[in-house]
Amino acid sequence: MSAFPESVPLASGEGRVLIVDDDKHNRRLLKMMLTGAGYDTEEATDGHQAVEQARNAPPDLILMDVMMPGLDGFESTRQIKHECGDRFIPVIMLTALDDEDSLLRGIRAGADDFLSKPLNLSVLRAKIHAMERLRDLHHGLRERNEALDRARGRQAWEEETAESVLSRAITGRNVGDERLHVRQWAAATFSGDVVLSDFTPDGGLRVLVGDFTGHGLAAAIGTYPVSETFHTLTREGVGDTELVFELNHVLHGFLPPSMFMGAVLVTFEPDGQTLTAWNGGLPDALLCGGDGQLRSLPSQAMPLGILPRLELDRGPRRHAIAADETLLIVTDGVLEEEGTAGEPFGEARLHACLCHPERPPERIARLGDALSRHMGDASPADDITAVAITCAPEVVLETGLAVPPDTTGNRRWSMEAAGAELARVDVAEEARQQLRRWFPEPGEHVQALQTVVAELCNNAFEHGVLGLSSEMKATAEGFAEYYRLRQEGLERLEGRIGINLRYRRTDDWHCVRIRVRDSGAGFDHQRVRRALEGESDERLWGRGLTLVHRLCRQMRHLGSGNVVEAEYAWMEPISEEQT
């Protein structure tokens, strides 16, 4: 800040000049020369008076004599330049000295030009005009810098406001986040790290920790579709594998090729004794035992958004947990953050913070303190996130108690099978068994539901995963070839099937929605729809979709056709036991 009040520089030939000289004859001569050239003048008889007048009424230019008793021209100039701060007041030194040392002293003091005595009017006017141009340039630059500072301040305010709105939009749907212990440091106003939490329909806690490429607004913008997808599918009862695949699909279509999101997805299951974890591109998640022992949940797949489809054998994995364990999830910034000597924080320091028999708050506090000491006063180079969760049932279950699923009026169930698991697990039969648990009394509707499930799963397996065409069955030879290829496909399975069941009751209506997704490339489902609804004369070779279309109130294909949803509904009272 300048100690001088503001004044508006005048145009050339109309400025106010402060003449500083202890010789009154020199002052009179300079005043006559300047007044005749159209300048206003003021006088100071010594250095102290010059500093005081410049402080109280800043001139547009100063003519400073060097040799004065008391405070000489060098020291006066130094003080004036120091006090004027970023305000530019040009000083021309008047001196009979022409030695190099005097010139250097004047430059160090802040003099902008020199004029030798005896004075020449033409040279004096030329130098004054040059100083005025320099002063005007400096004033213009100062105005532009002030405007830039105001623009930066407004931009910072807008960014902080936008970040607050975006953060509330992303985390506003979080449920159960008070059960997490979170420490975060952002490298910019916007953070590319995201922590999401919600309860599954059967009461288990699901948590997603994501880390987008880079930091700032470009990294944070992808967190919104991730949040919407996470909460919507979690509340629909979608399983971990299907959620991971859907998140990858959303981000691959949303993000530019250079961006992706490393993520850890964890679901604590309603038995209170197991969790399902998927790690794609983040540091190992750690299960910290009550005795200080550590178990790693390593990265097992590519980050989300890179590949159009994830590798099918890289799905979530189940882990047994104990009530005294703590799950810790960290983003890359924790391990990569450099200290004052340039060394990364690293796994050794991280493990050293955790191998103590402490509760999650103490563990996360110890880690936070260690990171703060490691960074010193520097800002983090990347976004940093650490999340600790106690594995006790009262924390990771919605009710605090391990309860069997499917005890509510609205029921959900889902499962996925991928790769060789498809040969070992009959997805359709697992779903039929679940329906029998929901509706233990046999009847036409239960049988119809089981038929719909079987047909949809069979279509997903044969046409989606194996890529077989029903048109092959038009001839006996094609029929045989169809089942030969089917057998070959069973021996080298590389696909995936996910199924989701959702039951809801509205007044007297009972509705079961069946959603089946496969890893196939899809098909022209609009052509099939037209054939099913009689809008075309095309014949459908397989009976599956035709039967489902007749039995269900609604059937539709999504995406490329590799996702099908069917709703079976009926008006029939159900027993008290089922409700």
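Modeller: Two strands pair if DSSP finds at least two bridges between them. Strands (E, at least two residues) and helices (H or I, at least four) are DSSP runs numbered from the N terminus. This is a predicted model, where local features need pLDDT of at least 70 and side-chain atom pairs 80 or more, while totals for chains, interfaces and linings use all residues. Residues are numbered from 1 along each chain as its sequence is written, and side-chain values use heavy atoms, without hydrogens or water.

Colleague: Thanks! Which residue in E8 does Ser197 stand opposite?

Modeller: Let's start with the two strands. E7 covers 193-199, and E8 covers residues 205-212. They pair in the antiparallel sense over seven bridges. Across from Ser197, the residue in E8 is Val207.

Colleague: In the open sheet of E7, E8, E9, E10 and E13, which strands stand at the edges?

Modeller: Read the order of this antiparallel sheet as E7-E8-E9-E10-E13. An edge strand here has a single partner strand, so one side of it is left without a neighbour in the sheet. That describes E7 and E13.

Colleague: And in the other open sheet, which strands pair on one side only?

Modeller: This sheet has five strands too, again with antiparallel pairing. Its order is E6-E15-E14-E11-E12. The edge strands are E6 and E12.

Colleague: Which residue in E15 stands opposite Val182?

Modeller: Look along E6 (181-185). E6 pairs with E15, residues 384-390, in the antiparallel sense over five bridges. Opposite Val182, in E15, stands Val387.

Colleague: Which strands does helix H10 touch?

Modeller: Contact means heavy atoms within 4.5 Å. Helix H10 spans residues 346-354 and packs on the sheet that holds these strands. The strands that H10 touches are E11, E12 and E14.

Colleague: Is Pro298 buried, partly exposed or exposed?

Modeller: First find Pro298 in the loop between E12 (294-297) and E13. Buried means under 20% relative accessible area and exposed means over 50%, with partly exposed in between (1.4 Å probe, protein chains only). Pro298 has a value of 37%, so this residue is partly exposed.

Colleague: What distance separates the C-alpha atoms of Pro298 and Asp284?

Modeller: Pro298 touches Asn279 and Asp284, leaving aside residues up to four places away in sequence. Along the chain, Pro298 and Asp284 are 14 residues apart. In space, their C-alpha atoms are separated by 4.3 Å.

Technical notes:
Axes fitted to C-alpha atoms, helices over the stretch in contact; angles between N-to-C directions.
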